[in-house]
Amino acid sequence: MIESNPLSAHPSSQHLSATTDGLRQAIDQHLKYALGKDPKHATTYDWRMSLSLAVRDKIVDPWFRSTQRTYEQQHKRIYYLSMEFLIGRLLEDAVVNLGLDESARQALASYGVDYDAVLKDEPDAALGNGGLGRLAACFLESMSTIGCPAYGYGIRYEHGLFRQSFEDGRQIETAETWLTQRHAWEFERPEVAYEIGFGGTISKNRANTSWSPAETVIAAGYDTPIIGWQGRWANTLRLWSAKPTTVFDLEQFNLGHYTAAAEPEALARTISRVLYPDDTTDQGKELRLKQEYFFTAASIRDIVRRFKSECDDLTKLPERVAIQLNDTHPAIAGPELTRVLHDENNLGFEKAYEIAQACLSYTNHTLLPEALERWSEPLMTRILPRHMQLIEQIDGLHAKQNPTRPASIAIIEDGEVKMGELAFICAHKVNGVSALHTDLMKKTVFLNLHNLHPDRIVNQTNGVTPRRWLWSCNRPLSQLITQTIGDGWVDNLARLEELEPFLNDAAYLDKFAAAKQHNKNKLANWLQQDWGISVDPSALFDVQIKRIHEYKRQFMNILETIALWQAIRENPNGEWTPRVKIFGGKAAPGYLVAKEIIHLINDVARVINADPLMQGRLTVVYPANYNVSMAELLIPATDLSEQISTAGKEASGTGNMKFAMNGAPTIGTLDGANVEIRDCVGADNFFLFGMTAAQADQRRRDPNHSRKAIASSPELSNVLGLIGSGVFSPDEPARYKGLVELMEENDYFLVCADFDSYYAKQRQVDQVFQDENAWTRMAAANTARVGWFSSDRTIRSYMKDIWNLGSAL
């Protein structure tokens, strides 16, 4: 337990000195005995590992106490199953939550070591890609902060998604290497290992059904403690690594078949090597399904084992276990838990299914039908034959219990297993992640299921942890907030509303603007030092950072950039607002359209940045390999947050919350959580453009909507002409012909229809930004009014509305 308040602006010098001395001694011990170095010869890596291990030592006691209290109080636990946990760097997170930041800085300074350089040496954990994984990480931290007993379960990917680089503007994917160094935060658990099977045969007698897999791998557990604010509680992130049941075939080796001898290990490790392997091939689809079952089955077995260590009555499982499925990836949990209860523990099928459903709840993250996973019946039958049988039984039981159900909501349809329907039917609660998304779920993807089960769908608007996304990543602003309203807001973000009276205080607004400028200067220095790009720190920093997808409309952003470039060239002496356009994000390796959009952005950047007329007026920047650490640098420095997805397509978004929290007004549509952000910050502090979801649906009914939009927009017509004629690809004039044709003939995401509204709203942004006082007040209003978007609030709502459990603190 932390004895002092880490938010105190001036901790006592005596306490700080004692804490620093103790930390220094621990660093010295780990440097010598864990790293085998002395201070004279230690590298940055050695210092980072020594500090990490010293800090980890301080996490272990509250971690053990939390686990012990959960057992003693027989507390219900939440088990959060997610394919992604985008945790980023953990050292600063842990130091901040333990209140050790100043002590750590002073301890390293006593050796002449730069604390900030040590923090930057830590690689981002390559365990996720986008909002899904970052949300899971925020939720774990919030559960620890508020004392919700929890485990996160996922996969310990060796190489993550991929490391992105650009070659002649094209995205190049190479393997992430974060685990080539020792991971300081994890504890390997050799005793936590489960044999996971695939394929094989099924036998049945009068008593039970038995599955004999043809192939097996070992799921080996690795635990990372997740400490909450002020060290009051810690939960566990347990990640599974795939290992072979037969490590090495010595007979094959002795016969000279060296590759064959190592094949079992190579095949097993394939399961936990890469996040989201390309599934455009049959082999890729098989690997994806194996990954999903691998981590889900290991997690279910771990959950049941833990329960049985405390209670031998499996009918009471829902009283102690709540399992949250983060999207459809772990949807096989329904059949798997039913199988474990029915086949392995001899409960009747309907009773086993009833218990499983009472434990399971499902978070939907998409309204895109193609993103709701489907697996072919032959693939499911071949890889998971027993589960295919159980899915058929679950589907039949649901049809029996709901004789009026439409055929379209069957789990199995047209030779495919629909994982969205499976997750819905096997869950007692299903939640959307913003008010609009939840409403649209009821009206679109789950319309018929909602009509059958009108009480099942509930809303849980997303949130983000303010510890990482304000207090830690934006020290100038967080210090200003503490100076203005005092301590206590970091774990009670609703207190940001106490900043409201200061929105008309000139002195406060001056300090707010100074904090923003400090962050912009820092970002400008980074762009110069790391990327060789010079930008004006006084320019408007216009930022869109998220995975590249057509519905997120990075394409519309670059089209507007080209239109602005043309307008400035036509009137170079106009009163243009200097603007720096910053993009960040990766495209899935098999998503060719998204990769072409990346290529176009880089080609446009090359042309615009080389244009002498754009100097001091317009710059385009696309730093490669966007990740959590880059976001922590970009978000505090952002002036304008781009949240421009097609209305009705973004489930929620969390980047929009982070930007607003850090004082960046949004330019956006009425999509996802934008709606609620606009409600909170006020319409005057949000740059709204574009169609509503209903209007978008109506517009798509006109088969010529895109051609009409292009014909009516001189700016858009000109921009598409420039792209199509090869202005940005003179070495290959037809390079972007496909993108232009897509806009003309199949613009499903309504880039053309919304372009003029977007372009006009951007010119309004220019005008407002020129009034420094008006812009600063708008930015400060965003920070003051978004306290509702804390993940602490979201988790408390899950606990009340879905999991039926209280805090253990």
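Two exercises with worked solutions follow, one on a helix pair and one on a strand. The model is predicted, with local features requiring pLDDT of at least 70 and side-chain atom pairs counting only at pLDDT 80 or more, whereas totals for chains, interfaces and linings use all residues. Residues are numbered from 1 along each chain as its sequence is written, and side-chain values use heavy atoms, without hydrogens and water.

**Exercise 1.** Determine how the axes of helix α6 (residues 131–146) and helix α32 (residues 791–803) cross.

*Solution.* Step one: the two axes, which are lines fitted to C-alpha atoms over the stretch in contact, with angles from 0 to 180 degrees between N-to-C directions, come within 9 Å and cross at roughly 80 degrees. Step two: α6 and α32 are therefore roughly perpendicular to each other, a term that covers 65 to 115 degrees. Step three: the contact (heavy atoms within 4.5 Å) involves, among others, Phe139 and Met143 of α6 and Tyr798 and Trp803 of α32.

**Exercise 2.** Establish whether the residues of strand β17 (residues 540–545) are buried or exposed, and find the pairing partners of β17.

*Solution.* Step one: six of the six residues of β17 are buried (under 20% relative accessible area, with exposed meaning over 50%, for a 1.4 Å probe and protein chains only), so β17 is largely enclosed by the rest of the structure. Step two: Leu540, Asp542 and Gln544 point one way, while Phe541, Val543 and Ile545 point the other way. Step three: β17 pairs (at least two DSSP bridges) in the parallel sense with strand β18 (residues 579–584) over six bridges, where Gln544 stands opposite Phe583. Step four: two bridges join β17 to strand β20 (residues 640–643), also in parallel, and Ser641 is the bridge partner of Val543.

Key. Helices (H or I, at least four residues) and strands (E, at least two) are DSSP runs, numbered from the N terminus. Angles under 35 degrees count as roughly parallel, over 145 as roughly antiparallel, 65 to 115 as roughly perpendicular and the rest as oblique.
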